[in-house]
Amino acid sequence: MREGPDIARIASLVGDPARANMLSALMGGTALTASELALEAGVSLPTASSHLSKLMEGGLLTLASQGRHRYYGLAGPQVAGMIEAITGVAEAVGPKRVRPGPRDAAMRVARVCYDHLAGEQAVAMLDRLVDRNILLREDKEIRLGPAAASHFAAIGIDVCTKPRRPVCRACLDWSVRRSHLAGTLGAAILDKILTEKWARREKDSRAVVFSPMGRQAFEKVFLA
């Protein structure tokens, strides 16, 4: 037996179509019940429960109870990054499924990737922050530039605290095939976009839709 991480075990968990649909549904950052995930996967509730048990045993999901309800979510940003990366590979080299129409187009412009913004708008934002040296990009690593703390403090985002996970992290965008910004900073930016009501989440979708005024405000703050 070869030493090192057991890639095959993780691949087998993600590779089942029903489990892949469940994991993709959880990429929106919202915890879902077994019944909701059964609908997403197109399987019966008992079958969904079996799949969810395997994903829990594999360390890919977390489970939280609230009253009589049990909610499943992705185990963390590392799992979300893996799903986004696999989606990018599937988009690039795998067989194509029929696109669902306008909703898919909206997903390509802006969407939620676990807890941060993804899509064309997110990639453009990261590019602009790097162009202005607010963020520094070295190979695949992203870190704060000298003026980052004051820049983000001016728009109400604190980057001086030291969280347990990275402040900045590159996440490969499956639709643009270039990196967008993840980490606690990426999550804080998405939170600001939604709190300021520049954009809203589409119901039953990961799509993020900007209002005309919200798009202007977003571009003024992050793309100017």
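Reader: At what angle do helix α2 and helix α3 pack, and how are the two oriented to each other?
Author: In this predicted model, helix α2 (residues 17–25) and helix α3 (residues 34–41) pack with their axes 8 Å apart, at an angle of about 120°. An angle over 115 but not over 145 degrees is neither roughly perpendicular nor roughly antiparallel, and α2 and α3 are therefore oblique to each other.

Reader: Which residues of α3 does α2 meet?
Author: The α2 side of this contact is made up of A18, N21, M22 and A25. The residues of the contact of α2 with α3 divide into 5 nonpolar, 1 polar and 1 charged. Those met in α3 are L37, E40 and A41.

Reader: How is α2 oriented to helix α4?
Author: Helix α4 (residues 45–57) packs with α2 at an angle of about 70°, the axes being 10 Å apart. Because angles of 65 to 115 degrees count as roughly perpendicular, α2 is, with respect to α4, roughly perpendicular.

Reader: How many disulfides does the model contain, with C160 and C171 in mind?
Author: A disulfide requires two cysteine sulfur atoms within 2.5 Å. For C160 the closest cysteine sulfur, in C168, is 12 Å away, which is too far for a bond; for C171 the closest, in C113, is 4.0 Å away and is likewise too far. By this rule the count of disulfides is 0.

Reader: Is C171 buried or exposed?
Author: Buried means a relative accessible area under 20%. The relative accessible area of C171 is 2%, so C171 is buried.

Conventions:
Residues numbered from 1 in each chain as written. Predicted model: local features only at pLDDT ≥ 70, side-chain atom pairs only at ≥ 80, totals over all residues. Heavy atoms only, no water. Axes fitted to C-alpha atoms, helices over the stretch in contact; angles between N-to-C directions. Helix = DSSP H or I, 4+ residues; strand = E, 2+ residues; numbered from the N terminus. Parallel < 35°, antiparallel > 145°, perpendicular 65-115°, else oblique. Contact = heavy atoms within 4.5 Å. Nonpolar A, V, L, I, M, F, W, Y, C, P; charged D, E, K, R; others polar. Buried < 20%, exposed > 50% of the residue type's maximum accessible area, 1.4 Å probe, protein only.
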